[in-house]
Amino acid sequence: MNKKKSPGLSGKLFAIILIAFGLYMLIGGGWLIALGGNWYYSIAGVLSIGAGVQLFRGKSSAILWFGVLLVVSLIWTIIESGTWYWRWVPRFALMLVFAIIFSFFLPRLSSTFAGGRAKCISGVLIVLFFVAAGLAFAPHHVTEATQLPAVSEHDFSADTSDGPDGMTPSSDWYSYGGSQATQRYSSAQQISPENVSKLKVAWQVHAGDLPTSSRWGTENTPIKIGDFLYICTASNNIVALDPSTGKEKWRFDSQADKDAIPYTPACRTLAYFDDSKEGGSAHSSPALLCQRRVIMGTLDDRVIEVDADTGKRCTGFGNNGEVSILENMGETYKGYVAITSGPVIVRDTIVVGHQVVDGQRTFGPPGVVKAFDVRTGKLKWAWDAAAPYDPAPRFGDDAYKRGSPNVWTTFTGDDKLGLVYLPVANASGDYWSSSRTKEELEFSPSITALDIETGMPRWKFRTAYHDVWDYDAAASPTLVDYPGKDGKKIPALIVPTKNAEIYVLNRETGKPLFDVEERPAPQGGVEPEARAKVQPHSTFNSLRKPDLTPESTWGLTPLDQLYCRIQYHQANYDGAYTPPTSDKPIIDYPGYNGGVDWGGVAVDPQRGILVVNYNDMPNYTHLIPRETANKLGWRAMDSISASKDTLGHAEGASDPQEGVPYAVDVNAGWQMKFTGMLCKEPPYGWIRAVDLNTGHTLWDRPLGTARKNGPFGLPTGLPINIGTPNNGGSVVTRSGLIFIAAATDDLIRAIDIRTGKTLWSAPLPAGGQANPAIYRHNGKEYLIIEATGHHFMRTAKGDYVTAYALP
């Protein structure tokens with residue numbers, strides 16, 4: 001029965017593979033057992049070594065060894081995975097491949113399998129493999145549409161202004177979110193679910209400004225007013241295009257200092273101001289220069305105004321059309337401070353925040369937010385979260401606290417209430433809170449409403465307490481009006497967060513419209529006395545998934561899944577808000593890329609639906625003692641330049657955090673070093689529809705395919721809807737369509753808002769990490785996106801502006 005036969009050269013090579021596989025599993029599995037983990041890997045290692053040795057010797061007992069290995073693996077997979085498809089991939093896909101190969105050697109090992117029996121077994125296994133592979137193309141983890149009203153009982157449009165930017169966009173797209181309400185909604189209906197499949201490229205042009213460094217990602221959403229479409233480029237050029245043809249009308253070069261361009265050369269949007277007595281005719285040249293203005297914040301820290309019709313500087317604004325935000329900010333270091341999001345105009349005031357590069361100096365440049373007169377450039381107030389009730393402009397190098405919280409992302413305001421809503425980020429030194437002042441802890445991270453005339457806070461809402469996870473308030477709030485008693489409207493504000501919560505607040509008072517629960521949070525870490533006992537959780541809707549478990553780790557094979565499983569057991573993890581530690585890494589879930597990042601959310605005010613695309617990825621974060629960091633050479637840089645690639649790594653990776661006891665090393669997304677794959681099982685990116693009336697999830701599904709993703713950075717080309725990481729938001733139309741790119745598959749797609757089904761998609765010439773916009777011109781509706789890719793998301797670089805329309 002155990003008669004020796006020759007397996008041949010191919011059999012011996014496969015036997016060596018089984019032995020090597022088994023040794024890895026045995027040794028790695030033993031390590032995992034020592035950490036308190038699962039025994040399967042060591043058992044499988046022993047069985048694989050036994051099968052390999054016996055196959056090499058030509059012994060028929062190899063069949064028994066391998067058969068037990070296959071059965072044990074199948075039982076273990078069923079126990080750990082159930083019907084969760086993606087969990088089957090690392091646990092059983094490679095085993096099935098091994099079984100197919102092993103079946104070819106059955107006739108050489110035993111006469112029992114002579115003739116057609118071995119071929120039959122091989123055939124069955126091959127069929128099973130292709131069936132299993134085919135299931136990858138089926139939808140997984142989809143929450144099908146339920147309880148979806150055709151039209152909401154209430155109109156959720158926000159009454160913010162009597163001007164054009166206060167109206168629901170139809171022909172124009174006035175600002176980053178379409179209007180002051182930032183609902184990212186258009187009343188356009190020409191493109192509909194019935195005809196969207198016919199959508200074609202209407203025109204495509206190059207912005208003419210392609211970064212040459214290893215850092216790229218403009219993240220720009222064009223604005224469209226009348227006969228002009230305005231875009232911002234990677235080096236802060238403003239380009240005015242014909243909305244129907246893409247033909248360039250004028251170009252303004254800001255002469256931005258390329259050595260001052262920071263980590264990402266983002267220019268998320270421009271701002272627009274109409275000072276004409278008629279309320280703004282965009283179709284004829286105004287009598288006076290700069291009746292209509294386009295306003296840009298630059299990466300080298302200037303606010304520039306140009307005439308909307310000619311592109312010439314508005315010389316009456318500041319110094320020859322520009323003001324610098326760096327005045328009275330002390331030492332700022334080149335590349336540390338940058339305006340990456342467009343200024344916001346409320347009434348006649350420009351409000352501008354700025355980015356301060358993460359992870360370098362805890363007491364680096366201050367995060368002060370400045371407000372200027374839109375016509376003259378005169379500084380009206382300057383709000384600093386470290387001195388929140390003293391917004392009067394101050395002077396001198398020590399005017400503002402070093403390292404105070406900044407506002408780096410987009411934001412919005414309400415003309416009628418006279419408020420601007422700031423998503424306030426952390427003070428510098430994201431992963432250490434003991435150095436923050438009482439005021440900084442009270443105002444960051446938060447949504448803070450300031451009086452537009454004085455800069456004084458009206459209210460604040462904290463989105464995390466004593467944050468040490470880089471949970472900046474990253475998305476611009478979206479404004480809606482809820483129905484109230486006696487037919488009165490309740491002015492509301494929707495706050496999506498990186499830490500996967502969605503809050504709904506009264507935007508006049510800051511009080512939650514849906515309860516916010518304070519739930520116990522994990523304690524400990526390197527500064528246990530500083531950890532908050534509780535953290536806020538929304539009862540409206542949460543994007544948070546169940547806590548991770550060892551079974552949540554992933555890989556394409558048992559080999560890389562074992563590696564990730566070992567890392568899981570090597571880390572501290574007590575669920576959400578696990579405090580950072582230095583003795584071990586922590587699993588920070590969700591990580592700093594979401595929940596919801598800078599792309600924000602969209603609202604269909606007629607149907608009462610909130611559309612949210614979000615990420616579901618952890619970070620693997622480790623605090624490094626100062627002495628060790630110094631030995632590793634982790635020191636703050638005196639200048640940072642994307643053009644010279646001086647930073648050289650993702651945010652948080654090997655960051656010195658000078659000024660506090662610990663540096664930090666963040667593995668963003670918890671990636672495997674060799675394959676680039678993530679250690680958490682997919683999906684990683686999602687899109688969800690939420691009922692604004694109740695917070696009920698109407699549908700939820702993975703967003704993004706594997707066509708441009710794969711191990712070692714190699715694209716698979718497969719349209720498997722695995723749910724990829726995404727950055728950038730969506731836009732919704734009255735006809736019932738959601739348009740979104742954002743995912744790392746370089747597709748732009750149209751989704752039926754009623755069902756969540758994709759109705760149309762088209763490949764982009766570069767990564768689509770930007771928010772699209774909708775406008776109409778000369779009777780035709782256009783979808784537009786500026787596709788420049790993104791270095792952090794590892795999508796293709798470009799400078800394409802693409803408009804789509806029906807034939």
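## A first look around the model

At 67% relative accessibility, Asn778 counts as exposed (over 50% relative accessible area; buried means under 20%, and partly exposed lies in between, with a 1.4 Å probe and protein chains only). This is a predicted model, in which local features need pLDDT of at least 70 and side-chain atom pairs count only at pLDDT 80 or more, while totals for chains, interfaces and linings use all residues. Residues are numbered from 1 along each chain as its sequence is written, and side-chain values use heavy atoms, with hydrogens and water left out.

Asn778 sits in the loop between β38 (773–777) and β39 (780–787); helices (H or I, at least four residues) and strands (E, at least two) are DSSP runs, numbered from the N terminus. Ser654 has its place in the loop between α9 (626–631) and β31. With 26% relative accessibility, Ser654 counts as partly exposed. Most residues other than glycine have a negative phi, and most peptide bonds are trans. Here are some exceptions to look for:

| Place | Backbone feature |
|---|---|
| Ser654 | positive phi of about 55° |
| Asn778 | positive phi of about 50° |
| Tyr589 to Pro590 | cis peptide bond, omega about 0° |
| Pro682 to Pro683 | cis peptide bond, omega near 5° |

Pro590 belongs to the loop between β27 and β28 (601–604), and Pro683 to the loop between β31 (662–668) and β32 (685–691).

Now to two buried residues. Ser444 is in the loop between α7 (438–443) and β19 (446–451), and it is buried because its relative accessible area is 1%. Its side chain reaches the backbone oxygen of Glu440 at 2.6 Å. Leaving aside residues up to four places away in sequence, Ser444 touches Pro405, Val424, Ala425, Asn426, Ala427 and Ala464, where contact means heavy atoms within 4.5 Å.

Pro491 is part of strand β22 (residues 489–496) and counts as buried at 15% relative accessibility. Its contacts beyond four places in sequence include Leu417, Val480 and Leu505. From Pro491 to Leu9 there are 482 residues in sequence and 76 Å in space, C-alpha to C-alpha.

Helix α8 (residues 558–570) is a good one to trace next. Its end C-alpha atoms are 18 Å apart, which agrees with the 18 Å that its 13 residues should span at 1.5 Å a residue; the expected span is 1.5 Å times one less than the number of residues. α8 is mostly covered, with 10 of its 13 residues buried, among them Leu562, Cys564 and Tyr568. The cover over these buried residues includes α1 (8–34), α2 (40–57), α3 (61–81), α4 (85–103), β27 (586–588) and β30 (619–625).

Finally, the spaces inside. On a 1 Å grid over the protein atoms alone, a cavity is a set of points where a 1.4 Å probe fits but cannot get out, and a pocket is an open set with protein on both sides within 12 Å along at least five of seven lines; lining residues have an atom within 4 Å of a point. There are six cavities of 30 Å³ or more. The largest cavity holds about 520 Å³ of space. It is lined by 38 residues, and Tyr263, Gln355, Asp358, Trp408 and Glu651 are the closest to its centre.

The second largest pocket holds about 550 Å³. Of its 31 lining residues, Asp165, Gln180, Tyr272, Phe273 and Ile345 are the closest to the centre. β7 (271–274) and β12 (344–346) each supply at least two lining residues, and the largest share, four residues, comes from β7.

Definitions and conventions:
Grid points are joined across faces, edges and corners, and a volume is the space filled by probe spheres set on the points. A polar contact is a pair of N or O atoms within 3.5 Å; within protein, one must be able to donate a hydrogen and the other to accept it, and residues adjacent in sequence count only if both atoms are side-chain atoms.
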